[in-house]
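Got the model open in your viewer? Let's walk through it one selection at a time, from the whole chain down to single side chains.

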Amino acid sequence: MIRNIIFDIGNVLADFCWREMLRGRGMSEKMIERVGRASVESPLWGEFDRGVWTPKEIMQAFIQRDPEISGELHLAFDDIHGMVKIKDYAIDWVKELKDKGYRVWYLSNFSRKAEVECADSLAFLPYMDGGILSYREKMVKPNPAIYRLLLERYGLQPEECVFIDDTALNVEAAKALGIKGIVFRDQAQAKEELRMLGV
């Protein structure tokens with residue numbers, strides 16, 4: 001029996017809209033893709049979310065990948081307001097599940113900088129029972145340890161949990177620990193898969 005719904009945040013309860021943010025700062029599509037290759041779409045982004053490096057160290061690493069665009073990288077990431085935006089349905093969905101008697105948690109790869117500068121995108125957190133942001137624990141999904149930490153910290157039984165994430169690899173890591181999983185495409189699809197699990 002499912003008792004706990006565990007949500008990823010980015011692209012599930014909030015949009016990770018870095019391209020939109022950079023368009024708003026006047027960057028061309030070509031430059032946006034170049035900035036992305038040096039940062040968001042590189043392995044370095046996982047280190048950003050892991051919270052081990054300082055923002056200055058992360059920026060230096062981005063610049064090392066493409067020194068010619070150091071100015072654009074600073075423009076992109078010195079201030080990341082607008083990079084994450086709450087989805088319209090997020091609070092209502094959490095409240096709906098809570099009203100049905102489920103406990104609702106979060107497990108997300110998320111940097112401290114994003115938590116501070118995109119705080120309005122996390123307005124659903126007060127309605128949830130708790131959870132983990134990766135930077136606080138210095139590890140990221142799909143490391144099995146971060147899933148185990150969530151289970152142990154809150155006394156959750158894996159067979160009573162379902163995890164919703166937009167990245168299949170993260171969902172598979174949860175399933176390997178006995179947690180049911182849904183690869184998120186949109187809210188309607190996720191709600192239907194939850195219904196099929198009896199939620």
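Helices and strands here are DSSP runs, with at least four residues for a helix (H or I) and at least two for a strand (E), numbered from the N terminus. Counted that way, the protein chain has 11 helices and 7 strands. Bear in mind that this is a predicted model.

**Stop 1: the whole chain**

Start with the C-alpha trace and turn it onto its principal axes: the spans are about 55 × 30 × 25 Å. The radius of gyration is 17 Å, which agrees with the value near 16 Å for a compact globule of 199 residues. Color by relative accessibility next, and 49% of those 199 residues come out as buried. The accessible surface adds up to about 9600 Å², and carbon and sulfur atoms own 50% of that. If you draw contacts between residues at least 6 apart in sequence, 67% of them link residues at least 24 apart.

**Stop 2: the sheet**

Now switch to cartoon. In what order do the strands of the open sheet run? Reading across, you get 5-4-1-6-7, five strands with parallel pairing. At the edges sit strand 5 (130-133) and strand 7 (180-183), each with a pairing partner on one side only. Look along the sheet and you'll see a twist that averages 20° from one strand to the next.

Select residues 4-7 and 161-165 together. These are strand 1 and strand 6, running parallel and joined by 4 bridges. Within that pair, find Ile5, which stands opposite Val162 of strand 6.

Then move over to strand 4 and strand 5, another parallel pairing, again over 4 bridges. Here Leu107 faces Ile132 of strand 5. While you're at it, show the side chains of strand 5. In a regular strand, side chains alternate between the two faces of the sheet. Strand 5 is covered on both: Gly130 and Ile132 are buried on one side, Gly131 and Leu133 on the other.

**Stop 3: the helices on the sheet**

Select residues 144-154. This is helix 9, lying across strands 1, 4, 5 and 6 and making an angle of about 155° with strand 5. Which of its residues are buried? Ile146, Tyr147, Leu149, Leu150 and Leu151 are. The buried residues of this helix pack against strands 1, 4, 5 and 6, and also against helix 8 (134-137) and helix 10 (168-175).

Check both ends of helix 9, too. At the N-terminal end, Asn143 acts as the cap, with a side-chain oxygen 2.9 Å from the backbone nitrogen of Ala145. Just after the helix comes Gly155, with a positive phi near 65°.

For another helix on the sheet, select 187-196. Helix 11 touches strand 1, strand 6 and strand 7, and its direction makes about 155° with that of strand 7.

**Stop 4: the loop before helix 9**

Zoom in on the loop between helix 8 and helix 9, where you'll find Pro142. The peptide bond between Lys141 and Pro142 is cis, with omega about 10°. Lys138 is in this loop as well, and its phi is near 60°, positive although the residue isn't glycine. Lys138 is partly exposed, at 40% relative accessibility.

For another non-glycine residue with positive phi, jump to Asn11, where phi is near 70°. Asn11 belongs to the loop between strand 1 and strand 2 (14-16), and is partly exposed with a relative accessible area of 30%.

**Stop 5: two residues to finish on**

Select Glu115, in helix 7 (residues 112-117). Is Glu115 buried or exposed? Buried means under 20% relative accessible area, so at 17% Glu115 counts as buried. Its side chain makes a polar contact of 2.3 Å with the side chain of Tyr135 and another, at 2.5 Å, with that of Arg136. Beyond its neighbors up to four places away in sequence, Glu115 touches both of those plus Phe110, Leu122 and Leu133.

Last, go to Val183 in strand 7. Val183 is partly exposed, with a relative accessible area of 29%. Setting aside residues up to four places away in sequence, it touches Asp165, Asp166, Ala168, Val171 and Gln189. Finally, draw a distance from Val183 to Lys56: their C-alpha atoms are 34 Å apart, with these positions 127 residues apart along the chain.

Methods
Residues numbered from 1 in each chain as written. Predicted model: local features only at pLDDT ≥ 70, side-chain atom pairs only at ≥ 80, totals over all residues. Heavy atoms only, no water. Pairing = 2+ DSSP bridges. Axes fitted to C-alpha atoms, helices over the stretch in contact; angles between N-to-C directions. Contact = heavy atoms within 4.5 Å. Rg over C-alpha atoms; globule rule 2.2 N^0.38 Å. Buried < 20%, exposed > 50% of the residue type's maximum accessible area, 1.4 Å probe, protein only. Areas by Shrake-Rupley, 256 points an atom, 1.4 Å probe, with all protein chains shown as cover. Polar contact = N/O pair within 3.5 Å; in protein donor to acceptor, adjacent residues only side chain to side chain.
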